[in-house]
Amino acid sequence: MQKILDAILADELDAIGSLDVPETYRGVTVHADEVEMFQGVATKDKDPRKSLHLDEVPTPELGPGEALVAVMASAINYNTVWTSIFEPMSTFGFLQRYGRSAPEAAKHDLPYHVVGSDLAGVVLRTGPGVNAWRPGDRVVAHCLDVQLEHPDGHGDTMLDPEQRIWGFETNFGGLAEIALVKANQLMPMPRHLTWEEAASPGLVNSTAYRQLVSTNGANLKQGDTVLIWGASGGLGSYATQFALNGGATPVCVVSSPEKAEICRRMGAELIIDRTAEGYRFWKDEHEQDPKEWKRLGAKIRELTGGDDPDIVFEHPGRETFGASVFVAKRGGTIVTCASTSGYLHQYDNRYLWMNLKRIIGSHFANYREAWEANRLIAKGRIHPTLSKVYSLADTGQAAHDVHRNAHQGKVGVLCLAPEEGLGVLDHELRAEHLTGINRFRGV
């Protein structure tokens, strides 16, 4: 592994293909024999630091259409938090089902799960049938794992019944020194970014692109008013950038003055601090308060000069969904994913059906959408939202931060990279956009 790292750091990438691939590597795992460890513990009190382990694991066998990547950096997503606290279910069920799906997938069904759905790194090896990538290529990876053997996936790969999220529903994820991916997950690494910066946008940037910009999502257009929940967070920070970049007007919902300031730095002007406003959309565990929906709607119209949102960018889920349906304009769209506050959504259907609104479910992105989202990063039109970086050994703490929402933007993890700041090739483009790149740093 050290020889591989030395070659990468020396930019001797042509030599990568001639170096031996290690038989083992370090990866962050959860263990099948610990899935009951948080039994009876409230969700908020479940601690990823107890369930995430840094283990030495065997390097998986490379199959057709696959690639092994030396991972320089990765990042934390909510799916890693969910994996670490075994909610809403253990991911070992995913791995068992995947392992039964085909002979070559059996290697994923193990008593440990190497997690992580982001990476930036260098291709080590490619399997049979891979022609677009070769050892030594600097890459990032999106997290859609799909074979495309079913006809339903050929209009939109997200509709393929065998699509999975890599590192969550598959093994050998990106929070490790080596990762196993499908070759059709790979994309060129933006040349003006460091390893940790390049690793951080993958999942959330692509998810926000499909959810807000793509015709498979809300199909954002110039002049739209977009209500964005958690506008300074992992998903919301990209949605805010896409809205501004696409000529729309974001109304950014945040929970503190510090988060409001981040949105202003991105260029947003209309901001709602939900903590300062004191919104309580639920009277108790069972009943929502429509008066609070109306109060939110009035605040939005106050800021916009009378406009209701054409699009509501939804990801908190249960806590906010009733309000989201209510405040969307007549004929408007509520586009939803993730449900970080709960999966069981309740809303008053009168405000949906009688006002001709639409709810669109959105899940990650297809290869084309992920490629376009990455291309905007590479062109400096959209910037990473990396706020803090941890070592691979401290991944549990990084996931703990995300679980407690004690972070802004994205939290990165150094895997093989020995320190931050490495990997930049285009220093001129970087200097042009340095303020935007560093916007979330240290917040």
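## Exercises on helix packing, rings and loops

Y78, V81 and I85 in helix α3 meet A399, V402 and H403 in helix α14. That contact is where we start; keep in mind that this is a predicted model.

### Exercise 1: a helix pair

Task: work out how α3 and α14 are oriented to each other, and what kinds of residues make up their contact.

Solution.

Step 1. Two packed helices are described by the angle between their axes and the distance between the axes.

Step 2. For α3 (residues 78-85) and α14 (residues 395-403), the angle is about 105° and the axes are 9 Å apart.

Step 3. Angles of 65 to 115 degrees count as roughly perpendicular, so α3 and α14 are roughly perpendicular to each other.

Step 4. Now sort the contact of α3 with α14 by class: five residues are nonpolar, one is polar and none is charged.

### Exercise 2: a pair of rings

Task: classify the ring pair F38 and F86 as stacked, tilted or edge-to-face, and find which parts of the chain the pair ties together.

Solution.

Step 1. Start with the full tally, which is twelve aromatic pairs.

Step 2. In the pair F38 and F86, the ring centres are 6.3 Å apart and the planes make an angle of 40°. Planes under 30 degrees apart would be stacked and over 60 edge-to-face, so this pair is tilted.

Step 3. Place both residues. F38 sits in the loop between β1 (24-31) and α2 (48-51), while F86 sits in the loop between α3 and α4 (92-101), so the pair ties together parts that are 48 residues apart in sequence.

Step 4. Check the burial, where the cut-off is under 20% relative accessible area. F38 has 7% relative accessibility and therefore counts as buried. F86, with 10%, counts as buried too.

Step 5. For another group of rings, go back to α3's Y78, which meets α14: Y78, W82 and Y343 form one aromatic cluster.

### Exercise 3: arginines over rings

Task: which arginine lies over the face of W195, and which over the face of W282?

Solution.

Step 1. For W195, the residue is R138, at 5.0 Å from the ring centre.

Step 2. For W282, pick R318, which is 3.9 Å from the ring centre.

### Exercise 4: backbone oddities

Task: inspect the backbone at F86, S339 and the bond between E87 and P88, and say what stands out.

Solution.

Step 1. Recall the usual case: most residues other than glycine have a negative phi, and most peptide bonds are trans.

Step 2. F86 has a positive phi, near 60°, and is not a glycine. This is the F86 of the tilted ring pair, in the loop between α3 and α4.

Step 3. Move on to the bond between E87 and P88: the peptide is cis, with omega about -5°. P88 is found in the loop between α3 and α4.

Step 4. S339 also is not a glycine, and its phi is positive at about 60°. Its place is the loop between β15 and α12 (349-353). With a relative accessible area of 8%, S339 is buried.

### Exercise 5: four loop residues

Task: decide for T194, G332, S255 and G155 whether each is buried, partly exposed or exposed, and look at the surroundings.

Solution.

Step 1. T194 lies in the loop between β10 (186-188) and α5 (195-199). At 2% relative accessibility, T194 counts as buried. Beyond its neighbours within four places in sequence, T194 contacts M189, G421, L422, V424 and R430.

Step 2. G332 belongs to the loop between α11 (321-327) and β15 (333-336). Its relative accessible area is 1%, so G332 is buried. With neighbours within four places in sequence left out, the contacts of G332 are D310, K357 and R358.

Step 3. S255 is in the loop between β12 (249-254) and α8 (257-266). At 29% relative accessibility, S255 counts as partly exposed. Setting aside neighbours within four places in sequence, S255 touches D273, R274 and T275. C-alpha to C-alpha, S255 and W229 are 9.7 Å apart, with their positions 26 residues apart in sequence numbering.

Step 4. G155 is found in the loop between β7 (144-145) and β8 (164-165). Its relative accessible area is 76%, so G155 is exposed. G155 and N366 are 211 residues apart in sequence, yet their C-alpha atoms are 10.0 Å apart in space.

Note on methods
Residues are numbered from 1 along each chain as its sequence is written. This is a predicted model: local features need pLDDT of at least 70, side-chain atom pairs count only at pLDDT 80 or more; totals for chains, interfaces and linings use all residues. Side-chain values use heavy atoms; hydrogens and water are left out. Axes are lines fitted to C-alpha atoms, for helices over the stretch in contact, and angles run from 0 to 180 degrees between N-to-C directions. Helices (H or I, at least four residues) and strands (E, at least two) are DSSP runs, numbered from the N terminus. Angles under 35 degrees count as roughly parallel, over 145 as roughly antiparallel, 65 to 115 as roughly perpendicular and the rest as oblique. Contact means heavy atoms within 4.5 Å. Ala, Val, Leu, Ile, Met, Phe, Trp, Tyr, Cys and Pro count as nonpolar, Asp, Glu, Lys and Arg as charged, and the others, Gly among them, as polar. Rings of Phe, Tyr and Trp (its six-membered ring) pair if their centres lie within 6.5 Å; planes under 30 degrees apart count as stacked, over 60 as edge-to-face and the rest as tilted. Buried means under 20% relative accessible area, exposed over 50%, partly exposed in between (1.4 Å probe, protein chains only). A charge sits over a ring if NZ of Lys or CZ of Arg is within 6 Å of the ring centre and within 35 degrees of the ring normal.
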